[in-house]
Every structure is written in C-alpha cells, then in structure tokens.
Amino acid sequence: MYDATVSVDVLVSAKVDAQASFARTVAASCSYVHEESRRPAVLGPGGVFDADAAEACAVAEVASALSVSTGTVTEWLFLIRTARPAVREAFAAGRLAYAAFRTVCRSLAGVPNATEALLQRVIAAASRCTPGAVASAIDRILADFDAEWHRVVRERAALKRAATVRKLPRVKRS
C-alpha cells in the first residue's frame, strides 16, 4: 500500500497537483455558470431574459452535479470574479489551497494600493501556513505594509462587534 521511496518532495508535489486540480474544478464551474447564464433560455415575466435567474439556474445545476451547495458555488463565483490576478494564478497553480485562497481574497479585499510585492508576500505566507493560521499571517503582513490603514481598519471592526444578552424564559424541568 505504501511506497517506501516516497519523499517529502513527492508529497508536496502531490498536494500541489491536488490543489491545482480542485482549482480547475472551481474555474470550470465558474466558466460554465458564466456561459450558461448568458444564454437567453431563462425568461422572466413578460418573456424577458432574466440574467439573475439564468445565473441562479446555472449555479444550481453545477451545485447538483458536484454535490455541493449553491452557496459554495456562489462563493466560488464571487472569489474568482474578485480575486486579484496574482492570487487567482497562485490558486490555479496549486500554490494555495482553497481555504487559503478564500482567506487571502477576503483579507485583501479592502487593501488600498496593494503592490505586486505585497501580493507575492501574502501568497508566499499563505502557502506555508496551516488553514487556521493564514488570516493571522496576512494580518501581520498588512500591518507592516500600512500600519496606519491597518490600525484604522481594526478599530472600525472593533466598533462593529456586538453582543446581545437576553434573559430566556424559565423552563420547569421534570
């Protein structure tokens, strides 16, 4: 079952290949949804083409074919559409696992003036981290990149955090 000649390099290569294969599935799914949602097969009220309904149908079709949720396919679409080219390329090449790709995209979404050097630094860090450590690693890089912007963003996020406490009714236990 196990080959004694397997090396760490072989394992890393297999991981990169698997990640690139998944990235191809995501990209192909997004391409399918894009193409299918442009076809005037879905007509809304009055026989008018409804692009949103067409996309929703294509998303549902992909989700069903791949046994994933429509929310997952919708997330794929959003990330592929909004990812910076360098990040999208790293995902396609298998250098970023999907979880890291998602975290990188979300973390860089509001970064002003992101340079190619910053993107490469973030991609390199994300590719070396465990999934749970990616966000913290990116946060440290962004703080180093633009400390003032990072401080303001963190303060704004802290102000939006909230907790609600309410008293629940008492229930008699039997």
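These notebook entries record what I looked up in a predicted model of a protein structure.

**Entry 1: helix 4**

I began with helix 4, which covers residues 85-92. I asked which of its residues are buried. I found Ala-86, Val-87, Ala-90 and Phe-91 to be buried. Viewed down the helix axis, the buried residues of helix 4 fall within an arc of 140 degrees, so they line one face of the helix.

I then asked what covers these buried residues of helix 4. The cover includes helix 1 (8-36) and helix 3 (70-82). Helix 5 (98-108) and helix 6 (116-128) are also included in it.

Finally, I looked at what comes after the helix. Gly-94 follows helix 4, and the phi of Gly-94 is positive, near 85 degrees.

**Entry 2: a loop residue**

I looked up Ser-67, which sits in the loop between helix 2 (51-66) and helix 3. Its phi is also positive, near 60 degrees, and Ser-67 is a residue other than glycine. Is Ser-67 buried or exposed? I noted a relative accessibility of 67%, so Ser-67 counts as exposed.

**Entry 3: cysteines**

I asked how many disulfides the structure has. The count comes to zero. I recorded for myself that a disulfide is a covalent bond between the sulfur atoms of two cysteines. I then examined two of the cysteines to see why they form no such bond.

For Cys-57, the closest cysteine sulfur belongs to Cys-30 and is 17 Å away, which is too far for a bond. The cut-off for a disulfide is a pair of sulfur atoms within 2.5 Å. Cys-57 has a relative accessibility of 44% and therefore counts as partly exposed.

For Cys-129, the closest cysteine sulfur is that of Cys-105, at 15 Å, and this too is too far for a bond. Cys-129 is partly exposed, with a relative accessible area of 25%.

**Entry 4: aromatic rings**

I counted the aromatic pairs and found five in the structure. One of them joins Phe-22 and Trp-76: the ring centres are 5.9 Å apart and the planes are at 85 degrees, so the pair is edge-to-face. This pair links distant parts of the chain, since Phe-22 is in helix 1 and Trp-76 is in helix 3, 54 residues apart. I noted that Phe-22 counts as partly exposed, at 33% relative accessibility. Trp-76, at 4% relative accessibility, counts as buried.

Phe-22 also pairs with Tyr-98: the centres of these rings are 5.7 Å apart and their planes are at 75 degrees, so this pair is edge-to-face. Phe-22 lies in helix 1 and Tyr-98 in helix 5, so the pair ties together parts that are 76 residues apart in sequence. Tyr-98 counts as buried, at 14% relative accessibility.

Which residues do the ring pairs link into a cluster? I listed Phe-22, Trp-76, Phe-91, Tyr-98 and Phe-101. Phe-91 had already appeared in my first entry, as one of the buried residues of helix 4.

**Entry 5: Thr-103 and Ile-138**

I turned next to Thr-103, which is found in helix 5. Its relative accessibility is 17%, so Thr-103 counts as buried. Leaving out residues up to four places away in sequence, Thr-103 touches Val-134, Ala-135 and Ile-138.

This led me to Ile-138, which has its place in helix 7. Ile-138 is buried, with a relative accessible area of 1%. Apart from its neighbours within four places in sequence, Ile-138 is in contact with Thr-103, Val-104, Ser-107 and Val-122. I also noted Ala-125, which is 13 residues from Ile-138 in sequence and 7.3 Å from it in space, C-alpha to C-alpha.

**Entry 6: the largest pocket**

My last search was for empty space. I recorded that rolling a probe the size of a water molecule over the atoms shows where such space is left. The largest pocket holds about 240 Å³ of space.

I asked which residues lie nearest the centre of this pocket. They are Ser-107, Asp-139, Leu-142, Trp-149 and Val-153, out of 14 lining residues. Ser-107 is also one of the contacts of Ile-138 in the previous entry.

Which helices each supply at least two residues of the lining? I noted helix 5, helix 7 (134-145) and helix 8 (147-160). Helix 8 gives the largest share of the lining, with five residues.

Notes
Residues numbered from 1 in each chain as written. Predicted model: local features only at pLDDT ≥ 70, side-chain atom pairs only at ≥ 80, totals over all residues. Heavy atoms only, no water. Buried < 20%, exposed > 50% of the residue type's maximum accessible area, 1.4 Å probe, protein only. Helix = DSSP H or I, 4+ residues; strand = E, 2+ residues; numbered from the N terminus. Arc of directions from axis to C-beta. Contact = heavy atoms within 4.5 Å. Phe/Tyr/Trp six-rings, centres within 6.5 Å; stacked < 30°, edge-to-face > 60°. 1 Å grid on protein atoms, 1.4 Å probe; cavity = no way out; pocket = protein on both sides within 12 Å on 5 of 7 lines; lining within 4 Å. Points joined across faces, edges and corners; volume = space filled by probe spheres on them.
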